[in-house]
Amino acid sequence: MRKRTIADLRDDELAGKRVVVRVDYNVPIEDGRITDDTRITSTLPTLDALLQRGASLVLLAHFGRPKGKPVPEMSLRPVAAHLAGLLEGRTVRFVEDTVGREAQGAASMLRPGDVIVLENTRFLPGEEKNDSALAEQMASLGDVYVNDAFGAAHRAHSSTAGIATVMRAQGKPAVAGLLMDRELQYLGRALAEPARPFVAILGGSKISGKIDVIRSLLPKTDRLLIGGAMANTFFRAMGLATGTSLVEDDRVEMARELLAQAGDKLVIPVDAVVAPRMEAGAPTQTVVREAIPADQSVLDVGPRTVEEFRRVLSTAGTVLWNGPMGVSEIAEFAAGTRGVAEAVAEATGRGATTIIGGGDSAAAVAEMGLESRMSHVSTGGGASLEFLEGRDLPGVSALSEAA
Ligand code: ADP
Ligand code: MG
């Protein structure tokens with residue numbers, strides 16, 4: 001079911017109105033500097049559209065895990081300053097309060113075109129409990145609610161699900177922003193009506209975190225390529241030696257069942273890059289999967305595997321990728337992820353729809369400068385996984401449906 005979006009709002013629902021926008025500005029900050037502002041820039045189309053249509057904006061966001069009390073290092077002040085730089089010509093003000101008198105006062109003073117950023121929602125103990133009294137306070141900040149925080153949509157919190165429910169009960173619109181809509185369209189279409197062949201690539205560190213994704217994707221995909229440490233557990237299930245590699249012993253049986261059930265739909269790496277230690281400068285070696293040394297760990301897929309994956313990807317109509325093929329943060333073990341990323345980018349060039357989900361995968365693609373050559377890079381790691389598992393996202397469910 002498609003959700004109502006800001007594009008579906010009538011002019012009289014926006015002009016001169018105060019719009020509460022939930023954004024996901026949980027950006028990486030090092031030494032007070034934002035090192036990647038993708039999550040902020042991704043919301044600009046929504047903010048611009050609302051401002052151009054005569055609204056004023058009250059932004060709600062969380063930052064870090066302050067666990068229900070104020071933590072000065074987790075203030076949204078630097079994020080608000082960064083946003084102000086991006087929204088040139090607009091008045092962007094940070095308010096050191098979230099729903100109290102200061103926040104309500106600042107919201108009531110807004111004129112069309114003004115923006116305020118309120119303090120971290122997770123400073124409040126009710127937020128993560130989806131406290132309804134808090135949701136009501138949040139709802140009283142505006143006339144319309146817009147959720148553009150896909151990355152937080154898998155959480156039922158006051159600023160995601162709670163406020164939307166309250167707004168709708170009051171007869172006010174609670175709709176999806178453009179980023180939220182884009183995420184739902186891409187991921188939703190991939191699952192519901194993928195152009196075929198539909199190829200999924202899964203990697204990363206653990207099977208356990210992604211087993212429900214494998215289970216949910218297996219019947220929908222035509223091929224499922226496995227890389228990352230996840231592959232080691234499959235190696236073990238196939239009776240291969242895995243040396244000192246990361247293996248989830250308690251998942252070997254499950255991997256065996258999946259192999260039996262999936263037949264040749266599952267594509268397991270044929271070779272690997274191994275090293276005695278997971279560190280830069282470690283001596284590496286490429287081996288076939290039958291020859292993993294007892295004193296070494298598998299830290300990347302090998303070149304023959306990349307070739308094999310590339311062959312499968314060369315005819316794909318839809319590609320969904322979650323999880324790096326190896327320890328891509330370390331140059332020695334990044335070639336597999338790079339090779340697969342390039343093959344996916346080439347698939348985009350041929351007209352395939354290519355979708356990257358997962359925080360580390362998105363970071364790897366950005367690092368390689370391939371972001372613009374993918375159809376869609378999701379801004380929501382955990383949320384995209386839960387979506388792919390077929391689970392309900394509370395922040396999405398609470399929004400109004402399109403007519
Ligand atoms: P995403 O955030 O894209 O969903 P994950 O968080 O599941 O991805 O996995 C990323 C992590 O997996 C990275 O830190 C990477 O170093 C690790 N990883 C990938 N392959 C291996 C491997 N063979 N051995 C150990 N760790 C691995
Ligand atoms: Mg991750």
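Reader: Why does F309 count as buried?

Author: In this predicted model, the relative accessibility of F309 is 1%. Buried means under 20% relative accessible area, so F309 counts as buried.

Reader: Where is F309 found?

Author: F309 is found in helix α11, which covers residues 303-313. The C-alpha atoms of F309 and E183 are separated by 26 Å, and these residues are 126 apart along the chain.

Reader: What makes the pair formed by V298 and ligand 1 a polar contact?

Author: A backbone N or O atom of V298 lies 3.0 Å from a nitrogen atom of ligand 1. The cut-off for a pair of N or O atoms is 3.5 Å, so this pair is a polar contact.

Reader: Which polar atoms of A229 and S361 pair with ligand 1?

Author: For A229, a polar backbone atom is 3.3 Å from a nitrogen atom of ligand 1. For S361, a polar side-chain atom lies 2.4 Å from an oxygen atom of ligand 1. Taken alone, ligand 1 exposes 580 Å², and the protein buries 85% of that.

Reader: How many residues surround ligand 1, and which are the closest?

Author: There are 18 residues around ligand 1, and the closest are K210, V298, E329, D360 and S361. The shell divides into 6 nonpolar, 9 polar and 3 charged residues.

Reader: Which element gives the most to that shell?

Author: Helix α13 gives the most, with 3 residues. Both β14 (297-301) and α13 (359-367) supply at least two residues each.

Reader: What kind of space does ligand 1 take?

Author: Ligand 1 takes the space of the largest pocket.

Key. Residues are numbered from 1 along each chain as its sequence is written. Chains are lettered from A and ligands numbered from 1 in the order in which they are written. This is a predicted model: local features need pLDDT of at least 70, side-chain atom pairs count only at pLDDT 80 or more; totals for chains, interfaces and linings use all residues. Side-chain values use heavy atoms; hydrogens and water are left out. A residue is near a molecule or strand if one of its heavy atoms lies within 4 Å of it. A polar contact is a pair of N or O atoms within 3.5 Å; within protein, one must be able to donate a hydrogen and the other to accept it, and residues adjacent in sequence count only if both atoms are side-chain atoms. Accessible areas come from the Shrake-Rupley method with a 1.4 Å probe; for residues, only the protein chains shown count as cover. On a 1 Å grid over the protein atoms alone, a cavity is a set of points where a 1.4 Å probe fits but cannot get out, and a pocket is an open set with protein on both sides within 12 Å along at least five of seven lines; lining residues have an atom within 4 Å of a point. A molecule sits in a cavity or pocket if more than half of its atoms lie within 2 Å of its grid points. Helices (H or I, at least four residues) and strands (E, at least two) are DSSP runs, numbered from the N terminus. Ala, Val, Leu, Ile, Met, Phe, Trp, Tyr, Cys and Pro count as nonpolar, Asp, Glu, Lys and Arg as charged, and the others, Gly among them, as polar. Buried means under 20% relative accessible area, exposed over 50%, partly exposed in between (1.4 Å probe, protein chains only).
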